[in-house]
Amino acid sequence: MKQLIRVIIILWFKKEATKAAPTILINHYDGQEIREIIKGFWKKYLLLKKELPVMPTLGGAITIRLAAMSRAFHEELTERNQKEIVIAQLFYQIGWVIYQKMGKFSWSLTRLSGKNEHHRLLKATQLFRKFPFNEPEYKWENVETSDNIIGFNCTKCPVAEYFAEHDLSDFCTKTWCALDFPIAELWNAKLERTGSIASGAMKCDFRWISKAVNT
């Protein structure tokens, strides 16, 4: 059952990426090139998937496969002599189309916990830490903060480790890590973080500042 769910989720990501990519890539490639990029990206991912480490949980298995998909995209555009900064920008834009759907879904679920937006923010961050960024693949530690701030640190991130192994930490920082900030805005909050594991820090120090404590 877990394997079936994993396949369904990955196919959903492929579908969403395939749908979003043309509108993002159109400023750099024509229609035929875009179709070739999508085909080449998926072919590369299927090869990269074979060498992925086995993850004990569904969440870990999903995120490491998404990291491989990200790497496949990077390799496809690199082969087409695209600049590193442009590859990161394009992936960020495509990733945000998909990531915000995940964020909106999680935020909608938090309505069940009440109308206080600070409490909803707490629940939304907890949902992401339960799936797909769950332990034991990810390591989390809570931090005491003031009333309007939700704080915790990530001390282990398999995605950051995967990108580091393939000399793509900067790409990870500009895409995966960077997408956390607009998610915070989506959840009516502001994210402050002094560093991330992908950028070379010992931990990712998440501080989610609620914009509406008593609404």
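**Pockets of the predicted model**

**Figure 1. The largest pocket encloses about 350 Å³ of space.** This view is taken from a predicted model. Of the 14 residues in the lining, those closest to the centre of the largest pocket are Met102, Phe105, Ser106, Phe131 and Pro132.

**Figure 2. Helical elements α1 (2–25), α3 (58–79), α4 (84–109) and α5 (117–130) each give two or more residues to the lining of the largest pocket.** The largest share comes from α4, which provides five residues.

**Figure 3. The lining of the largest pocket is made up of 12 nonpolar, one polar and one charged residues.** Among the residues closest to the centre of this pocket are Phe105 and Phe131.

**Figure 4. The second largest pocket has a volume of about 150 Å³.** Its lining consists of Gln3, Arg6, Val7, Ile10, Leu11, Trp42, Tyr45, Leu46, Lys49 and Arg65. Two elements, α1 and α2 (31–49), each give two or more residues to the lining of the second largest pocket.

**Figure 5. α1 gives the most to the lining of the second largest pocket, with five residues.** By class, the lining of the second largest pocket divides into six nonpolar, one polar and three charged residues. Residues to locate in this view include Trp42, Tyr45 and Arg65, which belong to the lining of the second largest pocket. Element α1 is also among those that give two or more residues to the lining of the largest pocket.

Key
Residues numbered from 1 in each chain as written. Predicted model: local features only at pLDDT ≥ 70, side-chain atom pairs only at ≥ 80, totals over all residues. Heavy atoms only, no water. 1 Å grid on protein atoms, 1.4 Å probe; cavity = no way out; pocket = protein on both sides within 12 Å on 5 of 7 lines; lining within 4 Å. Points joined across faces, edges and corners; volume = space filled by probe spheres on them. Helix = DSSP H or I, 4+ residues; strand = E, 2+ residues; numbered from the N terminus. Nonpolar A, V, L, I, M, F, W, Y, C, P; charged D, E, K, R; others polar.
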